[in-house]
Amino acid sequence: MDNCVYTRLGMAAFFLGLAPGALALEATIEGIEDPLAENVRLYLEGLEAELYSPARLESEVLRRSSEALRVYGYYSPRIEPRFDDPEAPTQVTLSISPGEPVLIEVLELSVTGDAAEDPPFTEAIEDFPLEKGDRLRHAPFDSLRSRLANLALERGYFDWRFTDRRMEVRPYANSARLYLALDSGQRHRFGDVIFQGHHIETERLENLAPFTSGEPYLASRVARFNQRLGQTEWFASVNVRPRLQRELGRLALPEAESTWWQSLDVAGVEPVGTDPRIAADALVASASLQRPILPEVPIDVALTPADRHQFEVGVGYATDVGPRLRFAWDQPWINRYGHGLDHDLYLSGPEQRFTGIYTMPLADPLRDSYRFQYGLRHKDNEDTRTLESTVEAARRWKFDNDWEQTLYLRATYEDFTQAGVSNQVLLLYPGISWSRIRTRNPTFPTWGDRQRLAVEYSSDWWGSAAEFLRLTGDSEWIRMLGDDNRFVGRVGLGSITTDDFVDIPPSLRFFTGGDRSVRGYAYESLAPENDEGRLIGGEQLLTASLEAQRRITGKWWGAAFIDTGDAFNDWGPSDLKTGAGLGVRWISPVGPIRLDVAHPFDADDAFRIHFAIGPEF
């Protein structure tokens, strides 16, 4: 018997699951235009006629339609609904006459307390779009109320309250009275910053705060402080929040409930009492008896140290260098001063290098630091064979406009063979560089630009093997036109002035061609040649590129591009090498995967395929 019941219930549930879902009632609006008509449609959206009897359905339609019109100030409309089928309707046609609108008769908006002199509050009141005599609309009034409340919290008015918040509507008189009064109370100031769980010197962390004790409170500065602490990479987690006075109420014990034995009323026996307890309101009130003239908000910072050793492995491929492998060992902090040490190993067919950077943050860790760098590099490509070792000491500044300036002193020893000519040189030269990177969505930027300019000078006065002045600069832009058109432009310049070109190592000479410069030509295959046709490198460099991309579907994009450039000895070459072609982009989680087919206009090859993985910047 039980099995039979279960079987029937299961079959009923199965067929109910196959039954089509209820359809929403479709509405046609007559007599009014948008936005009123559109708002009525929105209020009726999702109304399922099957869930109502005919009489209740008509009542629900009228109720929702009336509410939709009220928010635009029409409180006395005439609405005539016509259903396509009185018994099982699927469509309704509404003939609407909105009637006389409700007009604003009284409008009183005010802010008292410290916020009365605070410009954002004044602007909020001045920006209110309605005046006396205007048709009532609910949305601006609700928006102003929310805006004032948010401003109070964002700007440190934690004792704020609305002393008056009314919308009185008199439909019989077609009039409305709006009252909104905010009493902000005193504006709180930043108090002391209390750190918990930190392993870095407190003074260094305090220097990251974009505020000082006693300044007016701003929530945006608390958020910026949280962001800056995270950018140091010293911490696995960062939590910055203000400690509000109202939180004292949490210390109050809850009211105790009387138990049955405490409630007994026995002759001659006093009832059992409870220990005295302090109510939450009383505790907060007692804490405010000696409230400072300017109330302060302490800032609590809870930190968790980051892992001291972090490892990263990357695998990639590009037609310039073939398969490539990268192994990074980062130490974001090695002592209580926040010093860091990073190691990087890069392996590819033509080039292998190992580098390390020791960073010493200064008073402002994100803006000022010393950097000491070392590196070993081996390169075997085309007519270049070189083994290079470098050490560098640098001072870095970062400015408010996002530009970064680096002043450095570099020593390089290079044992090289270029176009069959071997040499060994030791160079000691200072340099200065300026750079900036701005981007939105780093994996596949929809907007961004990158600039870099560097000047380096070497002289035999201090024992360097060659005297030269070297300038390099490059820039790249990414811009969008609409949601489906993306443009990428690049330009690069380089120049080295010297009378000792034979002592200039390959790492300082100029070569171009390949995935990242002039497509259609092999990697670093464009440069001046000797009488035997072997590359010797150039004293000047000029490259430029323009690429237009169009979304095909989803994460797939098509691209068309033209590149031009060359490395040469005399400025103003008679002709530049040019390549153009088409490509495909797919936005992967690690950045765009790019496949290009380029035709070189100044070479015998019909085309060349370029493949690369990773973001442009």
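Start by selecting L36, N39, V40, Y43 and L44 in helix 2, then add V61, R64, S65, E67, A68 and L69 in helix 3: these two sets of residues meet. Color the contact of helix 2 with helix 3 by class and you should find 7 nonpolar, 2 polar and 2 charged residues. Keep in mind as you go that this is a predicted model.

Now show both helices in full, residues 36-44 for helix 2 and residues 54-70 for helix 3. Their axes come within 8 Å and cross at roughly 135 degrees. Helix 2 is therefore oblique to helix 3, since an angle has to be over 145 degrees to count as roughly antiparallel. Turn the view to look through the pair, and you can follow helix 2 passing helix 3 in a right-handed crossing.

Before leaving this region, step back along the chain to P35, which sits in the loop between strand 1 (26-30) and helix 2. Which kind of peptide bond joins D34 and P35? Select the two residues and look at the backbone: the bond is cis, with omega at about 10 degrees.

Next stop, a second helix pair. Select residues 119-126 for helix 4 and residues 138-154 for helix 5. The axes of helix 4 and helix 5 come within 10 Å and cross at roughly 180 degrees, which makes helix 4 roughly antiparallel to helix 5. To see the contact, show side chains for P120, F121, E123, A124 and I125 in helix 4, which meet L144, R147, L148, L151 and A152 in helix 5. By class, the contact of helix 4 with helix 5 holds 8 nonpolar residues, 2 charged ones and no polar ones.

Move on to D402, in the loop between strand 15 (384-398) and strand 16 (404-418). What is notable about the phi of D402? Phi is positive here, at about 75 degrees, although D402 is not a glycine.

The last stop is inside the protein. How many cavities of 30 Å³ or more are there? The count is 1, and the volume of this largest cavity is about 140 Å³. To find the place, center the view on D515, R516, R519, R594 and D596, the closest to the cavity centre among the 14 residues that line it.

Then bring up the strands around the largest cavity. Strand 20 (485-498), strand 21 (540-553), strand 24 (591-600) and strand 25 (608-613) each supply at least two residues of the lining. Strand 25 gives the most, with 3 residues. Finish by coloring the lining by class: it divides into 9 charged, 3 nonpolar and 2 polar residues.

Note on methods. Residues numbered from 1 in each chain as written. Predicted model: local features only at pLDDT ≥ 70, side-chain atom pairs only at ≥ 80, totals over all residues. Heavy atoms only, no water. Axes fitted to C-alpha atoms, helices over the stretch in contact; angles between N-to-C directions. Helix = DSSP H or I, 4+ residues; strand = E, 2+ residues; numbered from the N terminus. Parallel < 35°, antiparallel > 145°, perpendicular 65-115°, else oblique. Left-handed = near helix turned anticlockwise from the far one by under 90°. Contact = heavy atoms within 4.5 Å. Nonpolar A, V, L, I, M, F, W, Y, C, P; charged D, E, K, R; others polar. 1 Å grid on protein atoms, 1.4 Å probe; cavity = no way out; pocket = protein on both sides within 12 Å on 5 of 7 lines; lining within 4 Å. Points joined across faces, edges and corners; volume = space filled by probe spheres on them.
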